[in-house]
Amino acid sequence: MDVSVGDVVLPGDKVCEISEDQKKRVILGPGLRLNVDQVLISKCGILRMKNANVYWVDSHQKRYIPSRGETVVGVVTNKSGEVFRVDIGSSDQASLSYLAFEGATKKLRPDVNVGDIVFARLITASRDMEPELVCVDSYGKAGKLGILSPEGFTFSCSLNLVRKILRQNCPLLKILGHEIPHEIAIGMNGKVWVKARNVRATIALGHAILAAEHLTKEEIIYMCDDIVNVLSRMQ
Amino acid sequence: MKRSKEKALQQKEADDGFGFFSDVITEEMKQGSNKFIVETSFVPCEDLIVGRLSFQGMNPVIERIMQEEEDAKREKVAPKVEADVSDNEMAHRYSTLVGTIGRKYNKKRGHTRAHIHKGESRSSAPKKKKLKFLKPQED
């Protein structure tokens, strides 16, 4: 079936409006597949478009498929020789070299233990090989990446919720940040690490994020106000 | 004879090579145009931010980076317009300097001519008397 932007799409549907326009270069995002100049849908969801040449399928998903350049939250599960194994929720565990930390050398190993939470960037993500993580940028600086404090709390959520709260126009993180002092790491793999001053605030933040899944922007603002009020009454 | 043999050999090699890679070269590679770019990540599609944030001094390092990013974004939106010296001030200053700087571009000959011209216009200026020989007094 031929579909267009904004439609609910199913795998196997054809998008003729993309393949017919011969002039401009088109970027096919997640959920779209190319089959000899014919664009096919490969996920269930809603077909979206941006800037007239970027197309993707906005879908509900819980299983993380690694993609190059994305930042993820992972748990170190094994420490063997030169690499750490990190569980990022994908089908295979990711590898993280001990040299991929800021200031790490062969003699000066980073202090990473099994069970630690890391915020890292995927540097290779291929279908046939295990994903590879790094905790430094191309200049060798840590920036926002690195080991997260063990005082935080980690939970999982769906991938579309992560995308929703990381959009630039989403009010959730701004409001929560304004009301509750906290530190947060949200991985594209649906794992969220959060650390606040006390346990109550941490739980409130976790609930606020999970509750935002099916809410609109206005509802998110109301919900955040509610949670902040309850929290301030408890203290 | 030799040349045709070489040609046949080359043809055979090409066929062998094609057979060797035939399972790797897909229909897509043979016929498809390269007007599509495949992106596997949602991040560039939806312009997502990096999910590492800190609020109200929980992690000063992260907050400093966030501040720097915000400043960079703001600077990109509104490029710096203010200069040390405003245009009006500059124009005023230059108007007083026109003569001084103008002289720089005159040739030496032009320079003196300009002087003479100036002298003539000023008629009140005393003319130099021709010097005469002064006879010394004999007292």
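**Figure 1. The annotated N-terminal span of chain A.** UniProt, in an unreviewed entry, places the feature "domain: Exosome complex exonuclease Rrp40 N-terminal" at residues 26-63 of chain A. In this predicted model, 53% of that span is strand and 0% is helix. The C-alpha atoms at the two ends of residues 26-63 of chain A are 27 Å apart. The model as a whole has an ipTM of 0.82 and a pTM of 0.72.

**Figure 2. A loop residue of chain A with positive phi.** Asn51(A) sits in the loop between β5 (45-50) and β6 of chain A. Its phi is positive, about 50 degrees, although Asn51(A) is not a glycine. Is Asn51(A) buried or exposed? Asn51(A) counts as exposed because 7 other C-beta atoms lie within 10 Å, and the cut-off for exposed is 12 or fewer.

**Figure 3. The contact between chains A and B.** Chain A gives 35 residues to the contact and chain B gives 31 residues. On the side of chain A that touches chain B, the elements giving two or more residues are β2 (26-28), β6 (54-58), α2 (159-166), α3 (172-179) and β14 of chain A. Of these, β14(A) supplies the largest share, five residues. By residue class, the side of chain A that touches chain B holds 16 nonpolar, nine polar and ten charged residues.

**Figure 4. Parallel pairing of β2(A) with β1(B).** Strand β2(A) is joined by three bridges to strand β1 (residues 36-38) of chain B. The two strands run parallel. Within this pair, Ile27(A) has Ile37(B) as its bridge partner.

**Figure 5. The open sheet built from both chains.** Which strands form this sheet, and in what order? There are four, in the order β13(A)-β15(A)-β14(A)-β2(B), with antiparallel pairing. The edges are β13 (153-156) of chain A and β2 (52-54) of chain B, each of which pairs on one side only. From one strand to the next the twist averages 15 degrees.

**Figure 6. The hairpin of β14(A) and β15(A).** Strand β14 (residues 182-186) of chain A and strand β15 (residues 191-196) of chain A are antiparallel and are joined by five bridges. Two bridge partners can be followed across the pair: Ile184(A) is matched with Val194(A), and Ala185(A) with Trp193(A). Four residues lie between the strands of the hairpin. There, Gly190(A) takes a positive phi near 85 degrees.

**Figure 7. Strand β14(A) and its covered faces.** Is β14(A) mostly covered or mostly open? It is mostly covered, with five of its five residues buried. His182(A), Ile184(A) and Ile186(A) are buried on one side. On the other side, Glu183(A) and Ala185(A) are buried. Both faces of β14(A) are therefore covered, given that a residue counts as buried with 20 or more other C-beta atoms within 10 Å.

**Figure 8. Where β14(A) meets β2(B).** Three bridges pair β14(A) with β2(B) in the antiparallel sense. Opposite Ala185(A), in β2(B), stands Arg52(B). Ala185(A) thus appears in two pairings, with Trp193(A) as its bridge partner in β15(A) and with Arg52(B) opposite in β2(B). Helix α4 (residues 60-77) of chain B lies across β14 of chain A and β2 of chain B. The helix runs at about 105 degrees to β2(B).

**Figure 9. The loop between β2 and α4 of chain B.** Gln56(B) is located in this loop. Like Asn51(A) in Figure 2, which has a positive phi of about 50 degrees, Gln56(B) has a positive phi, here about 55 degrees, and is not a glycine. Gln56(B) is classed as partly exposed because 13 C-beta neighbours lie inside 10 Å.

**Figure 10. Chain B and its confidence.** Chain B contains six helices and two strands. Their order from the N terminus is α-α-β-α-β-α-α-α. Of its 139 residues, 9% are buried. The mean pLDDT of chain B is 78, and 76% of its residues score at least 70. Among the elements of chain B, β2(B) has the highest mean pLDDT, 91, and helix α6 (residues 108-121) the lowest, 56. Where pLDDT is low, predicted coordinates should not be read in detail.

How values were computed. Residues numbered from 1 in each chain as written. Chains lettered and ligands numbered in written order. Predicted model: local features only at pLDDT ≥ 70, side-chain atom pairs only at ≥ 80, totals over all residues. Pairing = 2+ DSSP bridges. Axes fitted to C-alpha atoms, helices over the stretch in contact; angles between N-to-C directions. Contact = placed C-beta atoms within 7 Å. pLDDT = per-residue confidence, 0-100. UniProt positions renumbered as here; feature names shortened; annotations may be inferred. Nonpolar A, V, L, I, M, F, W, Y, C, P; charged D, E, K, R; others polar.
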